[in-house]
Amino acid sequence: MTTLVAVGAQWGDEGKGKLVDWLAPQAQLVVRFHGGNNAGHTLVVDGEQTVLHVVPAGVLNPGTVNLIGPGVVVDPAGLLAELDALKERGVLRDPSRIRLSGRAHVILPWHTALDKAREKAAREFAIGTTGRGIGPAYEDKVTRRGIRVADLLDPKELRTALDRLAKQKNFELVEHYGGDPIDVDALYEQALEWGRRLQVYVDHTAHTLENAMRDDRNVLFEGAQGTFLDIDHGTYPYVTSSNCVAGAVCAGAGIGPTRIDRVLGITKAYTTRVGGGPFPTEDEGEFGEKLREAGAEFGATTGRPRRCGSLDIVMLREAATVNGFTALAINKLDVLSGLGDLRVATAYRVDGKLTQDFPMTLGETERAEPIYETLAGWTEDISGCRRYEDLPGAAQDYVERVEALVGVPVEIISIGPGRDETIARIDPFRPA
Ligand code: IMP
């Protein structure tokens with residue numbers, strides 16, 4: 001049995017969905033442990049594209065059970081729509097393949113309305129959220145007012161909780177933002193219907209996880225967003241409202257730290273970011289545009305064009321530290337083909353001082369000027385390569401330089417969106 005955590009090493013969109021789907025056939029359980037439908041994982045299997053937001057990426061593998069842990073915030077309508085689409089395509093016949101924690105908090109219409117209203121009112125200080133109500137839902141969880149999935153199954157508890165919440169939420173929506181109130185009676189009926197439809201999936205997921213490990217099953221924990229969007233370790237306040245680092249698995253899924261065998265950091269071969277906030281290696285010129293075009297860098301959830309730039313080793317080193325990476329996976333190496341010489345940032349100059357560390361404050365991160373090392377590019381199309389040795393020498397040198405600079409081995413290289421467009425240098429699920 002091996003437990004493997006896969007998390008993003010950058011600002012999300014590192015291609016975790018593709019990698020998790022590729023890893024999933026070897027796992028009997030795939031677990032989401034934080035975030036919500038702010039995530040968007042695009043999977044391409046046999047040329048067919050599937051975009052998942054909350055359902056773990058193991059769902060396309062018939063033998064995999066997919067668990068949504070208590071650390072996740074769930075938009076019931078969104079989750080039901082995702083499940084319906086999977087059922088319609090015949091991908092999800094057995095509801096026991098989806099296990100939803102009764103303790104996961106529910107994203108309600110107030111949360112999405114407030115997320116949007118606050119962003120609009122913040123103007124130039126807007127975070128650039130996905131507008132999915134993630135922050136407001138976590139806020140109610142932490143202030144102990146939230147509604148959990150299990151409450152949807154208990155009409156009396158649900159009514160009391162909604163009435164309590166309605167006063168405060170409608171006050172903020174109407175009086176502070178000039179919006180329309182949400183009708184609590186209609187919401188109650190709607191929420192009961194969500195509960196009726198979700199009931200079949202509801203589970204005490206920590207027990208399911210424990211049983212799987214006791215039965216010697218491989219478990220894969222699927223991170224969402226990325227290290228620099230983490231509420232504590234990211235570029236605050238331009239972050240999401242959950243912990244995205246590997247350690248979040250323990251609380252968000254219900255597993256002790258002693259049970260984690262490996263942590264795989266997933267990075268693109270370059271860097272992207274959606275939404276506001278500092279981005280030291282951002283390239284607003286021709287190179288950034290080429291990356292956006294070649295890498296089809298548009299958000300899976302909001303369709304927004306992603307900001308693009310060179311690979312930032314300073315970030316990857318910080319990510320390796322706070323996550324304890326045992327290995328790296330480099331995605332989208334194919335996008336760099338034909339882009340000429342490549343630069344990677346190995347240090348920053350901040351206020352005249354050279355540093356190899358990611359800055360502590362937002363201001364320092366905004367003022368960080370990257371110091372680059374230039375590496376030779378390659379022109380060959382590498383999407384057909386299936387073994388590491390098939391890659392052109394310059395592409396191998398790029399991978400090995402990243403490995404040396406970050407100090408973590410690169411075990412997996414992705415050279416296209418398809419499952420087979422993946423090179424594994426070693427089995428990530430080998431016994432610990
Ligand atoms: P929120 O998570 O919707 O509150 O958004 C907060 C920040 O995280 C914004 O900059 C979003 O663009 C970013 N974000 C949230 N989820 C993702 C994701 O899955 N990929 C990339 N960026 C994300």
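**Figure 1. Helices H10 and H12 in the predicted model.** Helix H10 covers residues 313–323 and helix H12 covers residues 393–406. Their axes come within 9 Å and cross at roughly 55°, and H10 is therefore oblique to H12. The crossing of these two helices is right-handed. On the H10 side the contact is made by Ile313, Leu316, Arg317 and Ala320; on the H12 side it is made by Val402, Leu405 and Val406. By class, the contact of H10 with H12 has six nonpolar residues, one charged residue and no polar residue.

**Figure 2. Helices H2 and H6.** This view shows helix H2, residues 76–88, beside helix H6, residues 184–198. The two axes cross at roughly 40° and come within 10 Å. H2 and H6 are therefore oblique to each other, and H2 passes H6 in a left-handed crossing. From H2, the residues in the contact are Pro76, Ala77, Leu79, Leu80 and Asp84. They meet Trp194, Arg197 and Leu198 in H6. The contact of H2 with H6 divides into six nonpolar and two charged residues, with no polar residue.

**Figure 3. Helices H3 and H4.** Helix H3 runs over residues 109–122 and helix H4 over residues 134–142. They pack at an angle of about 120°, and their axes are 7 Å apart. Because angles over 145 degrees count as roughly antiparallel and 65 to 115 as roughly perpendicular, H3 and H4 are oblique to each other. H3 passes H4 in a right-handed crossing. In H3 the contact involves His111, Leu114, Asp115 and Arg118. In H4 it involves Ile134, Pro136, Ala137, Glu139 and Asp140. The residues of the contact of H3 with H4 comprise four nonpolar, four charged and one polar.

**Figure 4. Surroundings of the ligand.** The ligand is surrounded by 15 residues. Asp13, Asn38, Thr130, Thr240 and Arg304 are the closest of them. Two of the side chains in this view have polar atoms beside ligand oxygen: a polar side-chain atom of Asn38 lies 2.9 Å from an oxygen atom of the ligand, and a polar side-chain atom of Arg304 lies 3.0 Å from an oxygen atom of the ligand. For Gln225, the partner is a nitrogen atom of the ligand, and a polar side-chain atom of Gln225 lies 3.3 Å from this nitrogen.

**Figure 5. The peptide bond between Tyr236 and Pro237.** Tyr236 and Pro237 are joined by a cis peptide bond. The omega angle of this bond is about 5°. Most peptide bonds are trans. Pro237 is found in the loop between strand E10, residues 219–222, and helix H8, residues 248–254.

**Figure 6. Arg144 in the loop after H4.** Arg144 is found in the loop between H4 and helix H5, which covers residues 155–176. Most residues other than glycine have a negative phi. Arg144 is not a glycine, yet its phi is positive, at about 65°.

Note on methods:
Residues numbered from 1 in each chain as written. Predicted model: local features only at pLDDT ≥ 70, side-chain atom pairs only at ≥ 80, totals over all residues. Heavy atoms only, no water. Axes fitted to C-alpha atoms, helices over the stretch in contact; angles between N-to-C directions. Helix = DSSP H or I, 4+ residues; strand = E, 2+ residues; numbered from the N terminus. Parallel < 35°, antiparallel > 145°, perpendicular 65-115°, else oblique. Left-handed = near helix turned anticlockwise from the far one by under 90°. Contact = heavy atoms within 4.5 Å. Nonpolar A, V, L, I, M, F, W, Y, C, P; charged D, E, K, R; others polar. Near = heavy atom within 4 Å. Polar contact = N/O pair within 3.5 Å; in protein donor to acceptor, adjacent residues only side chain to side chain.
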